[in-house]
Amino acid sequence: MTRRHKFAHFGVFLTVTARILCCPGVVIAQAPNNDPEVRIVEPIITEETMPNEPGDWDLRLSGSYGWRGTEGSGFLPREQLFFGIAKRWGGEVEVPMAFAKQETNRYGVGDISATVKYLVRKPSARMPGFVLGLETTFPSGNADKGLGEGVFEAAPFVAVVHASRRVVLQGNFGYSAVHRIRETDARNQIFYNGAIAFPLERLKTCLVWEINGTHAQNENRAAFSPGLKYNLTPERYLAIAFPIGLNSQTPRLGIVFQLQIALRSANQDNGRAK
C-alpha cells in the first residue's frame with residue numbers, strides 16, 4: 001500500500017469514527033431503560049467503561065513495572081483525569097509522567113492521550129450498557145530517548161458492561177490506527193480487553209480478573225491479570241494487579257499499583273463504585 005493510500009484510508013477511518021460519535025443514535029438504537037441502576041466496579045488495567053457524570057472529577061495515579069527476559073521497563077507514575085462533559089458524555093486525559101528503561105535510566109513525559117466516551121445505553125439489572133469511545137494519542141514523548149512511540153494514534157472502540165449483585169462483567173474492542181512521524185515499530189492493531197469483578201462489600205474489597213491483548217501484523221500480545229481493589233473510603237481506593245504474559249511476545253510478569261481519588265462529585269450516590 002502506497003503512502004498516499006495510507007493517508008486516504010486513515011482520513012476515511014477518522015471521518016467514519018467522528019460520524020459515529022457525533023450521531024450514535026443513528027448507529028445504535030437506544031432501548032427504553034426503566035430498570036433500577038446498578039453499581040459498576042471499574043477494572044484496574046482495562047479502560048474504564050462508564051463515562052463520568054457532569055460535575056464528577058476523578059484522579060487516578062498508577063505505577064507499573066514489567067519484566068521481559070532480562071530487560072525491565074515501567075511508567076512511574078501515570079496520571080489519568082476522568083471528568084464529565086455533558087449528559088452521557090465523558091472525557092479522560094492521560095499523562096505518563098515518567099518512562100524508565102533498565103539499561104538507559106531515562107525519564108520524562110511520555111505520549112499524552114485524550115479520550116472521549118458516549119454512553120449509548122445505561123446498564124441496568126436486566127440489560128447491559130453500551131459505550132462508544134475514541135482515544136487519541138499524541139507524540140509528546142521524546143521517541144529518540146525511548147520516551148514515546150513517535151506516532152499520532154486514533155483508536156475508536158466499543159465497550160459493554162453488565163452488572164449483577166455478585167459480579168460485574170465488562171470489556172472493550174477496538175482498532176488503533178497510527179500515523180508515523182518517524183521510523184518506529186508502532187503499527188495499526190486490533191485491541192481487546194475484558195474484566196470480571198467480584199465485589200466483597202463486607203470487606204470493602206473487590207477481586208478483579210482481566211484479559212488484555214493486541215493483535216497486529218506479526219505481533220500478538222496477551223496477558224492475564226489477577227488483581228485486588230480496596231476501598232479506603234467511598235471516594236478513594238487502592239489497587240494492585242499482576243499481569244502475566246500468555247505468549248513469548250508479552251512481558252512475562254508485571255506489577256501495577258493504583259490509587260484513585262474522587263476530586264469532586266455532583267452526586268455521591270450515582271450508581272458507580274470506584
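**Exercise 1. Sort the lining of the second largest cavity by residue class.**

Solution. By class, the lining splits into four nonpolar, three polar and three charged residues. Keep in mind that you are working on a predicted model.

Step 1: get the names. The second largest cavity is lined by Glu-48, Met-50, Pro-51, Asn-52, Phe-82, Phe-83, Gly-90, Gly-91, Glu-92 and Lys-117.

Step 2: pick out the nonpolar ones. Met and Pro count as nonpolar, and so does Phe, which takes care of Met-50, Pro-51, Phe-82 and Phe-83.

Step 3: pick out the charged ones. Glu and Lys go in the charged class, so that's Glu-48, Glu-92 and Lys-117.

Step 4: what's left is polar. Gly is put with the polar residues, so Gly-90 and Gly-91 join Asn-52 there.

**Exercise 2. Find out how much space the second largest cavity holds and which strands supply its lining.**

Solution. Start with the cavity list: there are two cavities of 30 Å³ or more in the structure. The second largest holds about 40 Å³ of space.

Now map the lining onto the strands. Two of them, β3 (71-86) and β4 (89-96), give at least two residues each. The largest share is three residues, and β4 supplies it.

As for the idea behind the search, a probe the size of a water molecule is rolled over the atoms to show where empty space is left.

**Exercise 3. Decide whether Thr-49 is buried or exposed, and say what its side chain pairs with.**

Solution. First, place the residue: Thr-49 sits in the loop between β1 (40-41) and β2 (57-68).

Next, the accessibility. Thr-49 comes out at 2%, so it counts as buried, the cut-off being under 20%.

Then the company it keeps. Setting aside neighbours within four places in sequence, Thr-49 is in contact with Glu-42, Lys-117, Val-131, Ala-159, Val-160, Val-161 and Gln-170. With Gln-170 there's a polar contact too, side chain to side chain, at 2.7 Å.

Cross-check with Exercise 1: Lys-117 turns up in the cavity lining and also among the contacts of Thr-49.

**Exercise 4. Work through two glutamates, Glu-94 and Glu-219, and classify each by accessibility.**

Solution. Take Glu-94 to begin with.

- Location: Glu-94 belongs to strand β4.
- Accessibility: 12% is under the 20% cut-off, so Glu-94 is buried.
- Contacts: not counting residues up to four places away in sequence, Glu-94 touches Arg-78, Glu-79, Gln-80, Asp-111, Ile-112 and Ser-113.
- Pairing: the side chains of Glu-94 and Arg-78 make a polar contact of 2.6 Å. The C-alpha atoms of these two lie 7.3 Å apart, with their positions 16 residues apart along the chain.

Now do likewise for Glu-219.

- Location: Glu-219 is in strand β12 (residues 219-233).
- Accessibility: Glu-219 has 23%, so it lands in the partly exposed class.
- Contacts: leaving out neighbours within four places in sequence, Glu-219 meets Arg-187, Thr-214 and Gln-249. The C-alpha atoms of Glu-219 and Gln-249 are separated by 7.1 Å, and the two are 30 residues apart along the chain.
- Pairing: the side chain of Glu-219 makes a polar contact of 3.2 Å with the side chain of Arg-221.

**Exercise 5. Sum up the whole chain in a few numbers.**

Solution. Count the secondary structure and you get two helices and 16 strands. Of the 274 residues, 40% count as buried. The exposed area is about 14900 Å², with 59% supplied by carbon and sulfur atoms. Finally, take the contacts between residues at least 6 apart in sequence: 55% of these join residues at least 24 apart.

Conventions:
Residues are numbered from 1 along each chain as its sequence is written. This is a predicted model: local features need pLDDT of at least 70, side-chain atom pairs count only at pLDDT 80 or more; totals for chains, interfaces and linings use all residues. Side-chain values use heavy atoms; hydrogens and water are left out. On a 1 Å grid over the protein atoms alone, a cavity is a set of points where a 1.4 Å probe fits but cannot get out, and a pocket is an open set with protein on both sides within 12 Å along at least five of seven lines; lining residues have an atom within 4 Å of a point. Grid points are joined across faces, edges and corners, and a volume is the space filled by probe spheres set on the points. Helices (H or I, at least four residues) and strands (E, at least two) are DSSP runs, numbered from the N terminus. Buried means under 20% relative accessible area, exposed over 50%, partly exposed in between (1.4 Å probe, protein chains only). A polar contact is a pair of N or O atoms within 3.5 Å; within protein, one must be able to donate a hydrogen and the other to accept it, and residues adjacent in sequence count only if both atoms are side-chain atoms. Contact means heavy atoms within 4.5 Å. Accessible areas come from the Shrake-Rupley method with a 1.4 Å probe; for residues, only the protein chains shown count as cover.
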